[in-house]
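Open the structure in your viewer and keep the sequence panel beside it. This tour goes from stop to stop, saying what to select and what is there.

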Amino acid sequence: MDLFDKLPDYAKAFRDVLTDTLDRMFKENEKLLYLDADLVGAIKTGELFKKYPDRTFNCGIAEANMIGTAAGLAANDFIPFTHTFGCFATRRVFDQVFLSVGYADCPVKMIGSDPGVCAEMNGGTHMPFEDMALMRAVPTMAVLEPSDATSLEALLEQMANSGGPAYIRVPRKRKYYLYKHKWDITMGKANVLLEGKDVTLIASGIMVEQALIAAANLGKEGISAQVIDMHTIKPIDEEAVLSACEKTGAIVTCENHNIIGGLFSAVCDVVCRTYPVPVEPVGVLDQFGEVGPIDYLQTRFGLTAKDIEVKAKFAISRK
């Protein structure tokens, strides 16, 4: 696959890529709809409301009602995308998601923005460290976390056509490009970004960048680290996890989420059943969030390249 080594000149924030992608998809499929819970300005989807007034709906600060409405639309052959902050997209509306979407088998496509420390100054109340855990527990629900703008575009397209319910967690303001081509991204298929033989770093979302930095630093010390972008947490790519176990014999998971119920849990589910090797987590250690800029928060919660390097050495020592 072809990767960027620096930010391209045309780089856009994730929320702008999201709006542009939805706009293009709306032109291609008249069944697509968009529902928002009064955060149109925050996610910058105002242009969709101007261009498609009959296919966009601001449901107000009534997230549970939004999910119920979307489920009804999905039951009538529409493909509704919903958006609100990740904390509201999951824990506030979990009963509606579980019953109206999951149990009723309605293919609603849910966007939860500013996951984990990306909530920054909105603080602990708006900082979802548990959203993946909740959504993973809903039968048939796909759980996605793009690492860059290109994978965001690809995953939005694929979740629209997936035929089942899906949740994608997306930073709003982040500008990061890793993949040059969206065809390198396949929902449910992990991507090996860097080969290595001593330890595997399995990362998702903003932690993919940190894993690549950590791998480079480890390489300077003679440690060969493989890096995997696990953009689909459910269904997880079991083949990729098993291959990492066989190849390197040690794994570090890297996630912007509580280590309970997220990527660490998903990887351990596979490792325990197939090929037991040491697995060390880099993630939030069962804590609530707090207010702060993202650099401070990543240090505060142990979500840096340095934290990954320490855990990688420890995982290797446990072989």
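Select Cys59 and show its side chain. The closest cysteine sulfur to that of Cys59 belongs to Cys106 and is 15 Å away, too far for a bond. A disulfide here is a pair of cysteine sulfur atoms within 2.5 Å. Cys59 counts as buried, at 19% relative accessibility; buried means under 20% relative accessible area, exposed over 50%, and partly exposed in between, with a 1.4 Å probe and protein chains only.

Before going on, note that this is a predicted model, in which local features need pLDDT of at least 70 and side-chain atom pairs count only at pLDDT 80 or more, while totals for chains, interfaces and linings use all residues. Residues are numbered from 1 along each chain as its sequence is written, and side-chain values use heavy atoms, leaving out hydrogens and water.

Next, select Cys268 and Cys272. The sulfur of Cys272 is the closest cysteine sulfur to that of Cys268, but at 5.6 Å it is too far for a bond. Cys268 is buried, with a relative accessible area of 17%. How many disulfides does the rule give? The count is zero.

Now zoom out and colour the protein chain by secondary structure. It has 13 helices and twelve strands; helices (H or I, at least four residues) and strands (E, at least two) are DSSP runs, numbered from the N terminus. The radius of gyration is 19 Å, close to the 20 Å that the globule rule gives for 319 residues, so the protein chain is as compact as a globular protein of that length. That radius is taken over C-alpha atoms, and the globule rule is 2.2 Å times the number of residues to the power 0.38. Along the principal axes, the C-alpha atoms fill a box of roughly 60 × 45 × 35 Å.

Stay with the whole chain and switch on a surface. About 12700 Å² is exposed, and carbon and sulfur atoms supply 54% of this area, which comes from the Shrake-Rupley method with a 1.4 Å probe. Of the 319 residues, 59% are buried.

Then select Leu32, which is in strand 1 (residues 32-36). Is Leu32 buried or exposed? Leu32 counts as buried, at 1% relative accessibility. Leaving aside neighbours within four places in sequence, Leu32 is in contact (heavy atoms within 4.5 Å) with Met25, Phe26, Arg55, Ile79 and Phe81. For a distance across the model, add Phe129: its C-alpha atom is 29 Å from that of Leu32, and the two residues are 97 apart along the chain.

Move on to the loop between strand 1 and helix 2 (40-43), and select Asp38 there. Its phi is near 65°, a positive value in a residue other than glycine. Asp38 counts as partly exposed, at 42% relative accessibility.

A second aspartate with positive phi is Asp286, at about 55° although it is not a glycine. Look for Asp286 in the loop between strand 12 (279-284) and helix 12 (294-300). Asp286 is exposed, with a relative accessible area of 55%.

For the last stop, select Lys234 and Pro235. The peptide bond from Lys234 to Pro235 is cis, with omega near -5°. Pro235 is in the loop between strand 10 (232-234) and helix 10 (238-248).
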